[in-house]
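Here is a short briefing for someone meeting this structure for the first time. Keep the sequence and the 3D view open while reading.

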Amino acid sequence: MSVPGIRPFRKPLAACCAALALGAPLTACGGASTADPDAKEITVYSADGLKSEKGDGFYDKVFQDFRKKTGIKVNYVESGSGAAVQRLARERANTKADVVVTLPPFIQQADGKGLLDTYRPKGADQVAAADKDPAGKWTSIVNNYFCFIYNKKQLKQAPATWQDLLDAKFKDKLQYSTPGVAGDGTAVLIKALHDFGGQDPAMAFLKKLQANNVGPSSSTGQLAPKTDKGELLAANGDVQMNYANLKSMPNQGIFFPAARPGAKPTTFALPYAAGLVKNAPHRANAQKFLDYLLSPEVQRQVSAVGGGFTSRTDIKPTDAHATQLAALMKNVEIFRPDWQDIDKNLTSYVDAWRTATGS
């Protein structure tokens, strides 16, 4: 399936964290920010997945068009979902970021730590209640869904259930990113908790699966090229990222394992959610950017350019990618996680996973 204009793959986390494109020097933590509040710029901390290494991804177009329209430059800092929130917390006394974009439950974590300010972007009234904070601290800008991937060249068909992943052929050929560190890795835990009906049965299964697991990975994006090359037979991912990868990594196949034989495949929404950072150095510019992200113009590009799903319920894209994405999600049962519970108990869930897997 050819996906022109969409970024090839996410950068490894180590590279992402180093990829700072800041137009002004940043001061050390602990003092007042020296950022000029009137400067025509903003700084965005974002989870990886929406920017292309070739410069033709969703963020690439959005940043370029936003600057043309407003004169405001976007300085971009990319990392894993949890790392973005950790950095905001470290810089609390000297805030450098204006906008943060990350996945659940990390956007809720940022709110819980008091790192977000209230702002409802224009168009937020067209975003479903489940995809935005009722208090106005964050709003989904690109909808997305958790998935797994497999190597279509080496496997004739996708694994149908979790149990299929226990097969000996996956020994040292299966890997998922680390829960509590990577957003998609945390999603593995969330799906297991749902599909197996609670913590104890989920951990019992993940303990068995560990026999086939290669080991930890701080970035989900590292796993797609390995799966495409056949170094891995199966890995975790998300629909937007892996669909966007298909042009450069055609051996990937997307699948959603069912809880048991005969059950429907399941997944859940894993949106990119954006929030205004508390004490943002360039608040007015940041608000303009959040408004732009939810504008009809940009939301129509979410599928056409980014390979994702629009956040606005009033936008019905008809481009080829939107049609293919809808077909991919057909007959997949979508459940809604209790994000408040996950945010509250994430540490205990991750600790239980570490105990079960010896990680």
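The points below go through a sheet, two helices, some backbone details and a pocket.

This is a predicted model. One sheet in it is open and has 4 strands. The largest pocket holds about 900 Å³ of space.

**The sheet**

- The strand order is β7-β8-β6-β9, and the pairing is mixed.
- β7 (174-175) and β9 (252-255) are the edge strands, each pairing on one side only.
- Strand β6 covers residues 146-151 and pairs with β9 in the antiparallel sense, over 4 bridges.
- Strand β8 (residues 234-238) also runs antiparallel to β6, and 5 bridges join the two.

**Strand β6 in detail**

- How many of the residues of β6 are buried? The count is 6 of 6, so β6 is mostly covered, where buried means under 20% relative accessible area.
- Phe 146, Phe 148 and Tyr 150 point one way from the strand. Cys 147, Ile 149 and Asn 151 point the other way. Both sets are buried.
- Towards β9, Ile 149 has Ile 254 as its bridge partner. Phe 148 stands opposite Phe 255 in β9.
- Towards β8, the bridge partner of Tyr 150 is Ala 234.

**Leu 174 on the edge strand**

- Leu 174 is found in strand β7, one of the edge strands.
- Is Leu 174 buried or exposed? Its relative accessible area is 4%. Leu 174 is therefore buried, as the cut-off is under 20%.
- Setting aside neighbours within four places in sequence, Leu 174 is in contact with Leu 165, Leu 209, Asn 212, Asn 213, Val 214, Leu 232 and Ala 234.
- Ala 234 on that list is also the β8 bridge partner of Tyr 150.
- Leu 174 and Tyr 150 are 24 residues apart along the chain, and their C-alpha atoms are separated by 9.2 Å.

**Two helices**

- Helix α2 spans residues 58-70, which makes 13 residues. From its first C-alpha to its last, α2 reaches 18 Å, close to the 18 Å expected at 1.5 Å a residue.
- Buried residues in α2 include Phe 58, Tyr 59, Asp 60, Val 62, Phe 63, Asp 65 and Phe 66.
- An α-helix has 3.6 residues a turn, so residues three or four places apart point the same way.
- Gly 71 comes just after α2 and takes a positive phi of about 80°.
- Helix α5 has 14 residues, 183-196. Its reach from first C-alpha to last is 20 Å, close to the 20 Å expected at 1.5 Å a residue.
- α5 is mostly covered, with 13 of its 14 residues buried.
- Just after α5 comes Gly 197, with a positive phi of about 85°.

**Backbone details in the loops**

- Most residues other than glycine have a negative phi, and most peptide bonds are trans. The next points depart from that pattern.
- Which peptide bond is cis? The bond from Pro 104 to Pro 105 is cis, with omega near 0°. Pro 105 lies in the loop between β3 (99-102) and α4 (106-112).
- Asp 172 is not a glycine, yet its phi is positive, near 60°. Asp 172 sits in the loop between β6 and β7. Its relative accessible area is 45%, so Asp 172 is partly exposed.
- Asn 279 is not a glycine either, and its phi is positive, about 65°. Asn 279 sits in the loop between β11 (272-277) and α9 (283-293). Asn 279 counts as exposed because its relative accessibility is 55%, and the cut-off is over 50%.

**The largest pocket**

- The lining of the largest pocket has 37 residues. Nearest its centre lie Ala 130, Asp 131, Asn 143, Ala 269 and Arg 336.
- Which elements give two or more residues to the lining? They are α4, β12 (309-310), α12 (320-329), β13 (333-335) and α13 (339-357).
- α12 gives the largest share of the lining, 4 residues.
- By type, the lining residues divide into 20 nonpolar, 8 polar and 9 charged.

Note on methods
Residues are numbered from 1 along each chain as its sequence is written. This is a predicted model: local features need pLDDT of at least 70, side-chain atom pairs count only at pLDDT 80 or more; totals for chains, interfaces and linings use all residues. Side-chain values use heavy atoms; hydrogens and water are left out. Two strands pair if DSSP finds at least two bridges between them. Buried means under 20% relative accessible area, exposed over 50%, partly exposed in between (1.4 Å probe, protein chains only). The expected span of a helix is 1.5 Å times one less than its number of residues. Contact means heavy atoms within 4.5 Å. On a 1 Å grid over the protein atoms alone, a cavity is a set of points where a 1.4 Å probe fits but cannot get out, and a pocket is an open set with protein on both sides within 12 Å along at least five of seven lines; lining residues have an atom within 4 Å of a point. Grid points are joined across faces, edges and corners, and a volume is the space filled by probe spheres set on the points. Ala, Val, Leu, Ile, Met, Phe, Trp, Tyr, Cys and Pro count as nonpolar, Asp, Glu, Lys and Arg as charged, and the others, Gly among them, as polar.
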